[in-house]
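Student: Please choose one helix of this model and describe closely how it is packed. I should like the criteria behind each term stated, and then a view of the surroundings.

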Amino acid sequence: MKKNERSRRRLYAAVWLIGAMLIVSACGAGIEEKAGVDAKGKLTIMTTIAQIADPIAVIGGERVEVNSLMGPGVDPHLFTATQGDIQKLQEADMIFYNGLGLEINMVQVFEQIGKDRPVLAVGDGIAEDALLHDEEGAIDPHIWFEIDLWQQALTAATEQMKEASPDDAAYFDANKEQYFAEMNRLKDEAEAKMAHIPEGKRVLVTAHDAFGYFGRMLDLDVIGLQGLSTDAEIGLTDIEETIAILTEHQVPAVFVESSINPESINAVIEGAAAAGLDVQLGGELFSDAMGAAGTEEGTYLGMYAHNVNTIAQALGDGEE
Ligand SMILES: [Zn+2]
């Protein structure tokens, strides 16, 4: 091979690689070549949370352009759309949001925009008896933490894409199957790692109640200092009750969340110390927001694995 040709090939490879990275943010799922699609425009999709955007970018592959409104550290319970956000939503071919009361301040915006383009709450199709509720009967919207439920939500989104672009139906389905296989592997790994947390210590304490589905799937008791939403106040009794449970079970660690002020969790650690219990900060979990784009934790699979590893390490028996 001549030198020129070799460097040209390297250049092509680099350009291809950068392109692929833009489409899929490092999540490992391959994108298959599909002939004849270049002539057509891409389906433009806006999502609220990145937990929808990242898997949909993989499933949609080269046929879609997906963006999420809410980046790292953004709390969807409190999020309100700016004029710029509304414009982005209005320019998209379709919009996917979680629903079930998560993006509570966006409801009117979605109603308005939904008049002239598909706006789908991906959680809406999930059977009522599969959903968790708090004591007051409010639905727990954090469904992305239960792999089976999230597959149902992503399937609903995929069906909407297939409707808008029937020629790509087989391509979307093939990508989805491949992605779901990775999700299933992640679920198996999570179950294996969580098995190393001793029976009495299976208590996950975080800043708000985002991990109910995670706990149901992986057999952990979950305590959030704040309720299902982050707009409630945290009382002294919430902190005292949590410390009592930590003491009872001798739980070694509690966790902060990337989208929530760490103050309340720090108060638990300090309160426990005053009561003579050594509780460590187990690390930072991604609950309602994912990590930065371009990092492992910026992907759905990566942020999930991060949470599993962080929890298993802090609460586990130290064995792999
Ligand atoms: Zn939440």
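Tutor: The account starts with one helix, moves to the sheet beside it, and then turns to other parts of the chain.

The model is predicted: local features are reported only at pLDDT of at least 70 and side-chain atom pairs only at pLDDT 80 or more, whereas totals for chains, interfaces and linings use all residues. Residue numbers start from 1 along each chain, following the sequence as written.

The chain contains 10 helices and eight strands; these are DSSP runs numbered from the N terminus, with H or I over at least four residues for a helix and E over at least two for a strand. The helix chosen here is α2, which spans residues 50-60.

Consider its packing against α6 (residues 169-194). The axes of α2 and α6 approach within 7 Å and cross at roughly 130°, which makes α2 oblique to α6. From α2, the residues that make this contact are Pro 55, Val 58, Ile 59 and Gly 60, and from α6 they are Phe 172, Asn 175, Lys 176 and Tyr 179. By class, this contact of α2 with α6 comprises five nonpolar, two polar and one charged residues. Several criteria underlie this description. Axes are lines fitted to C-alpha atoms, for helices over the stretch in contact, and angles between N-to-C directions run from 0 to 180 degrees. Oblique covers whatever is not roughly parallel (under 35 degrees), roughly antiparallel (over 145) or roughly perpendicular (65 to 115). Contact requires C-beta atoms, placed from the backbone, within 7 Å. Nonpolar means Ala, Val, Leu, Ile, Met, Phe, Trp, Tyr, Cys or Pro; charged means Asp, Glu, Lys or Arg; the others, Gly among them, are polar.

Helix α2 also packs against α5 (residues 147-164), at an angle of about 50° and with the axes 11 Å apart. At that angle α2 is therefore oblique to α5. The crossing of α2 and α5 is right-handed, that is, the near helix is turned clockwise from the far one by less than a right angle (anticlockwise would be left-handed). Here Ile 52, Pro 55, Ile 56, Ile 59 and Gly 60 of α2 meet Leu 154, Ala 157, Thr 158 and Met 161 of α5. This contact of α2 with α5 has seven nonpolar, two polar and no charged residues. Pro 55, Ile 59 and Gly 60 thus belong to the contact with α6 and to the contact with α5.

Helix α2 further lies across strands β1, β2 and β3, and runs at about 170° to β2. These strands belong to an open sheet of four strands in the order β2-β1-β3-β4, with parallel pairing; two strands pair if DSSP finds at least two bridges between them. Its edge strands, each paired on one side only, are β2 (64-68) and β4 (119-121). From one strand to the next, the twist averages 20°. Within the sheet, β1 (residues 43-47) and β3 (residues 94-97) run parallel and are joined by three bridges. One of the residues involved is Thr 47, whose bridge partner in β3 is Phe 96.

Met 70 provides a link back to the helix. It lies in the loop between β2 and α3 (83-91), and its C-alpha atom is 9.9 Å from that of Ala 53, 17 residues away along the chain. Beyond neighbours within four places in sequence, Met 70 is in contact with Thr 48, Ile 49, Ala 50, Pro 76, Phe 79 and Ala 289. Met 70 is buried because 23 other C-beta atoms lie within 10 Å; the threshold is 20 or more, with 12 or fewer for exposed and partly exposed in between, and C-beta atoms placed from the backbone.

Another loop residue, Leu 100, lies between β3 and α4 (107-113). Leu 100 has a positive phi of about 60° although it is not a glycine, and it counts as buried because it has 20 C-beta neighbours inside 10 Å.

For the chain as a whole, 41% of the 320 residues count as buried. Of the contacts with a separation of 6 or more, 67% are between residues 24 or more positions apart.

Methods: Contact = placed C-beta atoms within 7 Å.
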